[in-house]
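Please open the model in a viewer and keep the sequence panel visible. This tour proposes a series of selections and describes what each one shows.

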Amino acid sequence: MDRGEQGLLKTEPVAEEGEDAVAMLSAPETLTEEEQEELRRELTKVEEEIQTLSQVLAAKEKHLAEIKRKLGITSLQEFKQNIAKGWQDVTATNAYKKTSETLSQAGQKASAAFSSVGSVITKKLEDVNIRSIQHSISMPAMRNSPTFKSFEEKVENLKSKVGGAKPAGGDFGEVLNSTANATSTTTTEPPPEQTTESP
């Protein structure tokens, strides 16, 4: 390995909990015995204060829990209050407001699109309904068409061959009606009873 690669792989010592990171990064100072002794006393004093404050905090937390118990405030109630407060804080943020506005606009646009699609479908259904009405209206016109006349003549010829001469004043519509009536009367009559012979 050359010198440039070694420089990249070197690691600096990381300050651990309780160590003064600033002291490690700065150039070591030369302190006199008296200054070191003064700093040790101050260190001991600060550590004792931290311990005292920790004990006071624990006593205060215990007292707080006792007061809440006497007032009937449960952990669940506190949790609900924290959730409500948290939700209130979230809804007060600009990000929530912008997101809410965007979703509201998207909902309105989707609603308008669905309404538009619905009106298009309604219009199409109305068009289909109008066409079927126009179709039923155009039936008399269709009866006068050459194709229908030709078909009618063929049916009349067939009828005369099968059933005899054409009745006076009969037309294709009457033939269809009489056929329909004949069919309905035959279907309403009960079928003759059949007997089966047993061997």
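The tour begins with the whole chain and then turns to particular helices and residues.

**The whole chain.** Select the protein chain, which is a predicted model. Its secondary structure comprises eight helices and zero strands, and the order along the sequence reads α-α-α-α-α-α-α-α. Of the 199 residues in the protein chain, 4% are buried. Displayed as a surface, the chain has an accessible area of about 18400 Å², and carbon and sulfur atoms contribute 58% of that area.

**Helix α3.** Next, select residues 33–71, which form helix α3. How far apart are the end C-alpha atoms of α3? They lie 57 Å apart, which agrees with the 57 Å expected for 39 residues at 1.5 Å a residue.

**A negative patch.** Now select Glu 29, Glu 33, Glu 34, Glu 35 and Glu 37, which together form a negative surface patch. Glu 37 belongs to helix α3. Because its relative accessibility is 38%, Glu 37 counts as partly exposed, a class that lies between buried, under 20%, and exposed, over 50%.

**The end of α3 and beyond.** Move on to Gly 72, just after α3, where phi is positive at about 80 degrees. Then select Ile 73, in the loop between α3 and α4, the latter covering residues 75–91. Is Ile 73 buried or partly exposed? With a relative accessibility of 34%, Ile 73 counts as partly exposed.

**A nonpolar patch.** Finally, add Ile 67 and Leu 71 to the selection of Ile 73; these residues make a nonpolar surface patch of about 270 Å².

Note on methods. Residues are numbered from 1 along each chain as its sequence is written. This is a predicted model: local features need pLDDT of at least 70, side-chain atom pairs count only at pLDDT 80 or more; totals for chains, interfaces and linings use all residues. Side-chain values use heavy atoms; hydrogens and water are left out. Patches are made of residues with over 30% relative accessible area and no salt bridge: like charges are joined within 9 Å, nonpolar side chains (Val, Leu, Ile, Met, Phe, Trp, Tyr) within 5 Å. Accessible areas come from the Shrake-Rupley method with a 1.4 Å probe; for residues, only the protein chains shown count as cover. A salt bridge is a side-chain nitrogen of Lys or Arg within 4 Å of a carboxyl oxygen of Asp or Glu. Lys and Arg count as positive and Asp and Glu as negative; His and the chain ends are not counted. The place of a charge is taken as NZ of Lys, CZ of Arg, CG of Asp or CD of Glu. Helices (H or I, at least four residues) and strands (E, at least two) are DSSP runs, numbered from the N terminus. Buried means under 20% relative accessible area, exposed over 50%, partly exposed in between (1.4 Å probe, protein chains only). The expected span of a helix is 1.5 Å times one less than its number of residues.
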